[in-house]
Amino acid sequence: AVNAALTALKFLGGFYGGSKALLADALHSLSDLISDFLALVGLHFYRKGKDHSHPYGHGKIETLSTLGIGILLLGAAVWIGIDAARTIYKRAFTTPHLYTIWIAGLSILSKELLYQITTRTALRIKSDVMAANAWHHRTDAITSVVALAGIALARFVPSLIFLDSYAAILVSFFIIRIGVDIIRGSLDKIIDTALPNQLIEGVEEEIQKIEGIIGVHDTA
């Protein structure tokens, strides 16, 4: 509900208030809203136990949902960057309205609160898709900070009116980085990538400390 409200508010505020940065932030909130639905689907299958058709459970479905969130983030980031770059190239700048600043500020507070709540839930139920969704909230809060700075400078310093569009591009880079990290982590799980040697060696050392252990094998 919060994501839906923020998405609508940012789109309307960005469109009528003349802010590219807020429109970019609105797109991020929209992808956040969609990721909420992906998270719900992932958690639904994650909680289902193993059955005849899925002897190892349904955990990979959760991983696929997480992958979907990452791809969604990446696609939104590319669109944001291209649109802002086109505005800069054409020098089609507009001065953002004052209320766009208040909308960006409200977004920061709301998204950081959602991040804290979702992170605690992810840790409690041990869910990767919830953790990914929590970071989606955090990136939205960060991008709102960037949007707020760009909008404020473009609004109150006429010579810096271009910063609204540059803030939109910076927002896209934030989203790309998180999206790539989420995609990489999901793919590692899907193809069963081995753990880092340093971690395996650490586990072996801890096991060797246990009284009665003779040796460790099959750790690869």
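This is a working chat about salt bridges, helix H4 and a loop residue in a predicted model.

Colleague: What should I know about the model before we start?

Modeller: It is predicted, so local features need pLDDT of at least 70 and side-chain atom pairs count only at pLDDT 80 or more, whereas totals for chains, interfaces and linings use all residues. Residues are numbered from 1 along each chain as its sequence is written, and side-chain values use heavy atoms, with hydrogens and water left out.

Colleague: How many salt bridges does the structure hold?

Modeller: There are four. A salt bridge is a side-chain nitrogen of Lys or Arg within 4 Å of a carboxyl oxygen of Asp or Glu.

Colleague: What is the N to O distance for Arg138 and Glu112?

Modeller: Their side chains meet at 2.8 Å, N to O. Arg138 lies in helix H5 (residues 128–156) and Glu112 in helix H4 (residues 99–125), so the pair ties together parts that are 26 residues apart in sequence. Helices here are DSSP runs of H or I with at least four residues, numbered from the N terminus.

Colleague: Is Glu112 buried or exposed?

Modeller: Glu112 is partly exposed, at a relative accessible area of 26%. Buried means under 20% relative accessible area, exposed over 50%, and partly exposed in between, with a 1.4 Å probe and protein chains only.

Colleague: And how far apart in helix H6 are Arg184 and Asp181?

Modeller: They are three residues apart in H6 (residues 163–190), which means a separation of about one helical turn. An α-helix has 3.6 residues a turn, so residues three or four places apart point the same way. The Arg184 and Asp181 side chains form a salt bridge at 3.2 Å, N to O.

Colleague: Back to H4: what span should its 27 residues have?

Modeller: The expected span is 39 Å, and the end C-alpha atoms of H4 are 39 Å apart, which agrees. That expectation is 1.5 Å times one less than the number of residues. Buried residues of H4 include Ile101, Leu114 and Tyr115. Just after H4, Lys126 takes a positive phi of about 55°.

Colleague: Changing topic, where does Thr95 lie?

Modeller: Thr95 is in the loop between helix H3 (59–90) and H4, and is partly exposed at 43% relative accessibility.

Colleague: Which residues does Thr95 touch?

Modeller: Leaving out residues up to four places away in sequence, Thr95 touches Gly17, Gly18, Ala154, Arg155 and Ile161; contact means heavy atoms within 4.5 Å. Thr95 and Val157 are 62 residues apart in sequence and 9.6 Å apart in space, C-alpha to C-alpha.

Technical notes: Helices (H or I, at least four residues) and strands (E, at least two) are DSSP runs, numbered from the N terminus.
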